[in-house]
Amino acid sequence: MQVHHPKLDAAVQEKILTVTRCGLTAREASGFFRTAIGLYYLAGLMTKEQLDFKALDKAFNRFIYRTIGPGHSTTSILQFMSGSKVVEVLESPRFMRAMADYFPEVPVDSIPFLLGLNLGVAKDISKIDARGPVADWLEKQRQLREGEA
């Protein structure tokens, strides 16, 4: 069976860094980086191919470490993606515009699905309650899509 993993080549890394640079402060840029790479990681999981998680995480962890420093990993990125700070990023028109303009590998309209996937996995692994800011944001997006808001 073919083992698949999302390409984290130089071109993709540069796109993630371009989105990161759209943040106006160090905190905002860090949030943009974490969200962009987390969304790309999650989008790459959407395949019928068998994934080589060891190779996948090694590549992502190396890039994350080089970009934002020690103590950060794919795991910490995915944890960030299920917390309140990701909502701040997602509510930034500048972030959404940067994703649309510079990172077409992650279509903006796929973001709610990817966040829901991450929240579901986090709930299954940690047995935590999935309610909170991200679930509230997802519900708001659903209402907007369905014209309820």
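Which element gives the most to the lining of the second largest pocket? The legends below take up this and other close-ups of what is a predicted model.

**View 1. The second largest pocket and its lining.** Here is the answer to the opening question: H2 gives the most to this lining, with six residues. The pocket has a volume of about 210 Å³. Arg27, Glu28, Ser30, Gly31, Phe32, Arg34, Phe80, Lys85, Glu88, Val89 and Ser92 form its lining. Two elements, H2 and helix H5 (84–90), each give two or more residues to the lining. For anyone thinking about the chemistry of the walls, the lining residues divide into three nonpolar, three polar and five charged.

**View 2. Helix H2 (residues 26–44) beside helix H3 (residues 53–68).** The axes of H2 and H3 come within 12 Å and cross at roughly 170 degrees. Because angles over 145 degrees count as roughly antiparallel, H2 is roughly antiparallel to H3. On the H2 side of the contact, look for Phe33, Arg34, Ile37, Tyr40 and Tyr41. They meet Phe53, Leu56, Asp57, Phe60, Phe63, Ile64, Thr67 and Ile68 in H3. By residue class, the contact of H2 with H3 divides into ten nonpolar, one polar and two charged. Arg34 may look familiar: it takes part in this contact and is also one of the residues lining the second largest pocket.

**View 3. Leu78 in helix H4 (residues 74–80).** Which residues does Leu78 touch, not counting those up to four places away in sequence? They are Tyr41, Leu42 and Asn118. Tyr41 also appears in View 2, as one of the H2 residues that meet H3. Another distance to pick out here runs between the C-alpha atoms of Leu78 and Thr35, which are separated by 8.7 Å. Along the chain, Leu78 and Thr35 are 43 residues apart.

**View 4. Confidence along the protein chain, from strand E1 to helix H6.** The mean pLDDT of the chain is 89, and 89% of its residues reach 70 or more. Confidence is highest in helix H6 (residues 93–102), at a mean of 98. At the other end of the scale, strand E1 (residues 3–4) has the lowest confidence, at a mean of 40. Over residues 1–5 the pLDDT is below 50. Beyond near neighbours in sequence, this stretch has 15 contacts in the model. A friendly caution when zooming in: where pLDDT is low, the predicted coordinates should not be read in detail.

Definitions and conventions:
Residues numbered from 1 in each chain as written. Predicted model: local features only at pLDDT ≥ 70, side-chain atom pairs only at ≥ 80, totals over all residues. Heavy atoms only, no water. Axes fitted to C-alpha atoms, helices over the stretch in contact; angles between N-to-C directions. Helix = DSSP H or I, 4+ residues; strand = E, 2+ residues; numbered from the N terminus. Parallel < 35°, antiparallel > 145°, perpendicular 65-115°, else oblique. Contact = heavy atoms within 4.5 Å. Nonpolar A, V, L, I, M, F, W, Y, C, P; charged D, E, K, R; others polar. 1 Å grid on protein atoms, 1.4 Å probe; cavity = no way out; pocket = protein on both sides within 12 Å on 5 of 7 lines; lining within 4 Å. Points joined across faces, edges and corners; volume = space filled by probe spheres on them. pLDDT = per-residue confidence, 0-100.
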